[in-house]
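Reader: I have a structure to study, and I would like to know what stands behind the terms that are used for it. Could we go through them one at a time?

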Protein chains: 4
Amino acid sequence: MTVEELNSFFKEAFPGGDGEGCPVRFADGRRAVVAHRFAASQLRPGGTISGPTMMGLADMAMYALVLSAIGKVPLAVTTNLSINFLRKPEPADLVAEARMLKLGKALAVGDVTIRSEGSEAIVAHAVVTYSIPRRP
Amino acid sequence: MTVEELNSFFKEAFPGGDGEGCPVRFADGRRAVVAHRFAASQLRPGGTISGPTMMGLADMAMYALVLSAIGKVPLAVTTNLSINFLRKPEPADLVAEARMLKLGKALAVGDVTIRSEGSEAIVAHAVVTYSIPRRP
Amino acid sequence: MTVEELNSFFKEAFPGGDGEGCPVRFADGRRAVVAHRFAASQLRPGGTISGPTMMGLADMAMYALVLSAIGKVPLAVTTNLSINFLRKPEPADLVAEARMLKLGKALAVGDVTIRSEGSEAIVAHAVVTYSIPRRP
Amino acid sequence: MTVEELNSFFKEAFPGGDGEGCPVRFADGRRAVVAHRFAASQLRPGGTISGPTMMGLADMAMYALVLSAIGKVPLAVTTNLSINFLRKPEPADLVAEARMLKLGKALAVGDVTIRSEGSEAIVAHAVVTYSIPRRP
């Protein structure tokens, strides 16, 4: 799937959520870049962006990467997600970059690096495995 | 913190979210049980409850467990969360049971088992590490 | 496979290593208990048992559990292992208890709790995924 | 610590094991490269290098990276290691590249990519956390 197709698909699949606003910036089957717009409602005590927000972003970045590699297979599902929260993110937009480590027939494994927009410091790092349903 | 104190704290800390509706059922510093009310809006393609919903529940169950053990330390933060999604959950309430594996001065580690309400089958299993800020 | 069959198989498959000495104490497809005999040569600086020793033990306990569930399928392989080292183990024998979280057709997921022999304190906790080759 | 100092330290700390033979090729506090010499004795059924061998290599690569960043602090210990085994490695030397994701006062987090010598394909990918003891 192309960036345009991914953004249309996410808008439809996740209405009212992170699918709005064209989050996918890049995706070529080996790498994908997905943004998360900052919303004050997701702040946690201490002024930090919530963990589930970052977990959802990591998951979506890997989903975009997988679909850009194998085409529109909506029933690809996450089987494992492991995330380290490394620094308190600024109250700002986040950018996630997913990298394919292995694309097999049954499983895709990648890692996702999350930074605040415009910053080099890594806010969170995740490794995500998707299970790919067998195709006829 | 007691179950009542935890439910009050969560209601305040996460208004409009999973903190509503007294999610904490049990917490004694070694084990905690936290429920998630099913909401059709969290369904994913395929009729399944979304991964981020379950990650948020695992995180909250461990947070409740940590606070029941060390008292009201809101700035305790997740440093690592690793989750396996094992079965497609029913469109039903979820119940998460957190168990303390280690409570140290600086880190608390526990695992969280998520089931559909009334079912024995494990829907997801997470291991969560919280960092505990040094107290004066 | 039964406990006796597992111990014979491990002795053959890992000569000179942890397969010697009947490490498997119990295995019924849902739970397995595997021991590790203490050897001074595996000590690390600080008098602690090395991490790789415990990782190998966690892996072997899950392998025993999987084979006790599905029979002699030697090519079942680990795809993911995530371990938390929780306490410095005594220079003593270790006992690992593996519990099946999900046994599917293609993947088996379990967790493994490692203690020093005779102690209740958890030394390490791992979650291990095995990939099961398709059978004809 | 420099590459030379690391190789001397490993030789002393792990006699007869992976510390022999100058495994550290590069280390500058941000990145480290550590090699593992192939030994037929570590082969598993199916002709593959054993999982514990790769887990030990990932752990050692991160240890070298941490010590190259903070100096000789032998009691730095692994608290978490999560590894995905992605491809069956050739019966050949392995090369592990560790990258620092976060170096804090109490914790260091990095990821480690393992390849067969001379190959681009990733054989295993690990994320490793070290706890750094407080210094006086």
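Reader: What makes the 12 strands an open sheet, and in which order do they stand?

Author: Please keep in mind that this is a predicted model. The order is E1(A)-E2(A)-E6(A)-E7(A)-E8(A)-E5(A)-E5(B)-E8(B)-E7(B)-E6(B)-E2(B)-E1(B), with antiparallel pairing. Strand E1 (24-27) of chain A and strand E1 (24-27) of chain B stand at the edges with a single partner strand each, so one side of each has no neighbour in the sheet. As for the twist, neighbouring strands of this sheet are turned by 20° against each other on average, when direction is ignored.

Reader: How do you know that E5(A) and strand E5 of chain B are joined?

Author: Two strands pair if there are at least two bridges between them, and five bridges join E5(A) to strand E5 (residues 77-85) of chain B, so the pair meets that condition, and the two strands run antiparallel. Within this pair, A:Ser82 stands opposite B:Ser82, while A:Asn84 stands opposite B:Asn80.

Reader: What does chain A bring to the contact with chain B?

Author: On each side there are 19 residues, those of chain A being in contact with those of chain B. In chain A, the elements that give two or more residues to this side are helix H2 (51-70) and strand E5 (77-85), and E5(A) gives the most, with nine residues. By type, this side of chain A divides into 10 nonpolar residues, eight polar ones and one charged.

Reader: Why is the relation between chains B and C called a two-fold axis?

Author: Chain B is superposed on chain C by a rotation of 180° with 0.0 Å of shift along its axis, at an RMSD of 0.0 Å, and that is the relation of a two-fold axis. Moreover, 100% of the interface residues of chain B are also interface residues in chain C, so the copies meet through the same surface.

Reader: Which residues touch the most other members of the largest nonpolar core?

Author: That core has 164 residues, and A:Ala58, B:Ala58, C:Ala58 and D:Ala58 touch the most other members. Leaving aside residues up to four places away in sequence, D:Ala58 touches D:Leu81, D:Ile83, D:Ala96, D:Val112, D:Ile114, D:Ala124, D:Ala126 and D:Val128. In soluble globular proteins, nonpolar side chains tend to be buried together.

Terms used:
Residues are numbered from 1 along each chain as its sequence is written. Chains are lettered from A and ligands numbered from 1 in the order in which they are written. This is a predicted model: local features need pLDDT of at least 70, side-chain atom pairs count only at pLDDT 80 or more; totals for chains, interfaces and linings use all residues. Copies are superposed by least squares on the C-alpha atoms of residues with pLDDT of at least 70 in both. Two residues are in contact if their C-beta atoms, placed from the backbone, lie within 7 Å. Helices (H or I, at least four residues) and strands (E, at least two) are DSSP runs, numbered from the N terminus. Ala, Val, Leu, Ile, Met, Phe, Trp, Tyr, Cys and Pro count as nonpolar, Asp, Glu, Lys and Arg as charged, and the others, Gly among them, as polar. A nonpolar core is a set of buried Ala, Val, Leu, Ile, Met, Phe, Trp, Tyr and Cys residues joined through C-beta atoms within 7 Å. A residue is buried if 20 or more other C-beta atoms lie within 10 Å of its own, exposed if 12 or fewer, and partly exposed in between; C-beta atoms are placed from the backbone. Axes are lines fitted to C-alpha atoms, for helices over the stretch in contact, and angles run from 0 to 180 degrees between N-to-C directions.
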